[in-house]
Amino acid sequence: MMVGRPVLLAVTCASLCACASSGTPAANEPAPREPAPQPRTAEAPAPAAPLPSPEVKPEPSVATGAKRFETFGCNACHSPDGTMRAFGTMYRFFGSTIEVGAGETLVVDAAYIRRVILDPATANGRPGWRLQMPSYHGTIGDADIDHLIAYIASLR
Ligand code: HEC
């Protein structure tokens with residue numbers, strides 16, 4: 001009997017076909033599998049230290065603040081050194097006592113400067129407020145505001 005022979009040939013042919021680079025695999029052939037990923041062993045080195053998440057703000061930097069003071073155009077209206085510019089100077093401004101309305105005063109701090117940068121129109125009721133400073137809300141990020149405050153606070 002020759003029953004077994006064609007079967008053997010068919011198997012051989014199928015395995016040859018699977019190995020051949022040319023030719024479309026038969027429809028019922030399983031698609032070639034990706035090599036299984038190497039399992040992590042207990043000895044695998046620990047993953048590198050996690051990158052700082054975006055919420056972690058850098059330390060406020062006077063040098064960076066000085067650059068931002070120029071790139072955001074603050075220096076067009078405010079000088080850093082006491083010389084007069086369109087809208088005064090930031091020299092010795094931080095920590096000074098300013099008048100904010102009928103008999104009220106305020107000591108300039110980080111919160112006040114942040115408020116002016118984000119919303120100068122409602123920052124306070126300073127006498128002579130001309131509402132000419134643009135709002136930087138949505139333009140200057142939180143970290144850059146911190147840099148600017150550090151810089152302004154350093155001008156003394
Ligand atoms: C187009 C001119 C202009 C630019 C640019 C500008 N400012 Fe001003 N700034 C003003 C004016 C004018 C005032 C006074 C408030 C008013 O009248 O709007 C002011 C007020 C301030 C005050 C409060 C001063 C006070 O006496 O209470 C701070 C702080 C300040 N600006 C910081 C900045 C910083 C930081 C930038 C850059 C991110 C900046 N300004 C950009 C015009 C400007």
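Helices (H or I, at least four residues) and strands (E, at least two) are DSSP runs, numbered from the N terminus. The model is predicted: local features need pLDDT of at least 70, side-chain atom pairs count only at pLDDT 80 or more, and totals for chains, interfaces and linings use all residues. Residue numbers start from 1 along each chain as its sequence is written.

**Exercise 1.** State how many helices and strands the chain has, and give their pattern.

Solution. Step one: the chain holds five helices and two strands. Step two: along the sequence they follow α-α-α-β-β-α-α.

**Exercise 2.** Describe the shell around the ligand.

Solution. A residue is near a molecule if its C-beta atom, placed from the backbone, lies within 6 Å of it. Step one: 22 residues surround the ligand, and Cys-74, Cys-77, Arg-130, Gln-132 and Met-133 come nearest. Step two: helix 3 (74-77) and helix 4 (110-118) are the elements that give two or more residues to this shell.

**Exercise 3.** Find the largest nonpolar core and the element that gives the largest share of this core.

Solution. A nonpolar core is a set of buried Ala, Val, Leu, Ile, Met, Phe, Trp, Tyr and Cys residues joined through C-beta atoms within 7 Å; buried means that 20 or more other C-beta atoms, placed from the backbone, lie within 10 Å of a residue's own. Step one: of the chain's 156 residues, 11% count as buried. Step two: the largest core has 10 residues, among them Met-90, Phe-94, Ile-117 and Ile-145. Step three: helix 5 (residues 142-154) supplies six residues, the largest share.

Note on methods:
Buried ≥ 20, exposed ≤ 12 C-beta atoms within 10 Å, placed from the backbone.
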